[in-house]
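Here are my notes on the model you sent round. Have it open while you go through them.

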Protein chains: 2
Amino acid sequence: MIERRDVFQAIADPTRRAILTLIAIQAMTPNALAEHFDTSRQAVSKHIRILTECELVQQEHSGREIYYSFNPTKLKEVDAWLDQFRQLWEKRFDQLDKVLKQLKTKPHGK
Amino acid sequence: MIERRDVFQAIADPTRRAILTLIAIQAMTPNALAEHFDTSRQAVSKHIRILTECELVQQEHSGREIYYSFNPTKLKEVDAWLDQFRQLWEKRFDQLDKVLKQLKTKPHGK
DNA sequence: ATATATTGCAACCAAATAGTTTCAAATTAA
DNA sequence: TTAATTTGAAACTATTTGGTTGCAATATAT
């Protein structure tokens, strides 16, 4: 097992995905975030740490509070990876579309 | 830690992502796949098992060989999850676009 | 019929992961 | 100044993960 800390690994955890969804709506403090989960504040903090290391979140200090917000740029990496496969599922749709068109032109078979 | 075996966890591993890329081009046997990695055939087999459980790959038997191929439909789940964030990085682009347009209309500042 | 090839599965192991509790640092409130 | 709040980090633990080797099952080749 080799040390990995990339975006794919970061979004593998459902809690981290939920954190991203929450802070994408508005920046939040660790305390506020933790209230949404059935886990300790420290555990949430560790998730935030991982998300920060992947540059998926940004922080802004305000007194003793830290507001974490979502940084979408790194998620584009995932989108870019999906690109190579996108044609494949669109092709399937095209083929279905072709079949449906044929059914229209020859409504009762031949 | 709760039992997880979803698409996000499946694509978290770089070897599994590479397997998907390979079989997206053409169906392959575990033996053929293993040649592309610095790991044992059995380890590759375990990765394939996980990908199969997530319905990311399909198999077709041919004598004693098994050809694994890519099933794109489940990857759409990842694409769907990205959708909620897509606006955010497109908005950034729009803002940059706006700035560039302003530079064009007022080429030498004011 | 016997040997070879291809594969999945079980048992085992080291490392990583996600969680906990405890504690120290820094900021705000009393 | 002193107490309370907010936070991250350290130490520890149980579980998961990705890897290994060995083996049994099946299909093909000799």
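**Notes on the DNA contacts and the symmetry**

1. Starting with DNA strand D: a polar side-chain atom of Gln9(B) sits 3.0 Å from one of its phosphate oxygens, which is a polar contact (a pair of N or O atoms within 3.5 Å; within protein, one must be able to donate a hydrogen and the other to accept it, and residues adjacent in sequence count only if both atoms are side-chain atoms). Chain A joins in as well: an N or O atom in the side chain of Ser45(A) is 2.4 Å from a phosphate oxygen of DNA strand D, and a polar side-chain atom of Arg49(A) is 3.3 Å from a phosphate oxygen of that strand.

2. Before going further, some housekeeping. This is a predicted model, where local features need pLDDT of at least 70 and side-chain atom pairs count only at pLDDT 80 or more, while totals for chains, interfaces and linings use all residues. Residues are numbered from 1 along each chain as its sequence is written, chains are lettered from A and ligands numbered from 1 in the order in which they are written, and side-chain values use heavy atoms, with hydrogens and water left out.

3. Which residues come nearest to DNA strand D? Of the 25 around it, they are Ser45(A), Tyr68(A), Ser40(B), Lys46(B) and His47(B); "near" needs a heavy atom within 4 Å. Sugar and phosphate make up 61% of the atoms of DNA strand D that come within 4 Å of the protein.

4. On DNA strand C, 27 residues are around the strand, and Ser40(A), Lys46(A), His47(A), Ser45(B) and Tyr68(B) come nearest. Here sugar and phosphate account for 62% of the strand's atoms within 4 Å of the protein.

5. Polar contacts to DNA strand C include Gln9(A), with a side-chain N or O atom 3.0 Å from a phosphate oxygen, and Asn31(B), with a polar side-chain atom 2.8 Å from a phosphate oxygen. Arg64(B) goes for a sugar or linking oxygen instead, at 3.4 Å.

6. α4(A) gives the largest share of the surface near DNA strand C, 5 residues. (Helices are DSSP runs of H or I, at least four residues, and strands are runs of E, at least two, numbered from the N terminus.)

7. How does chain B relate to chain A? A turn of 180° and a shift of 0.0 Å along the axis lay chain B on chain A with an RMSD of 0.0 Å, superposing by least squares on the C-alpha atoms of residues with pLDDT of at least 70 in both. That is the relation of a two-fold axis. In chain B, the C-alpha of Ala12(B) is nearest the axis, at 3.0 Å.
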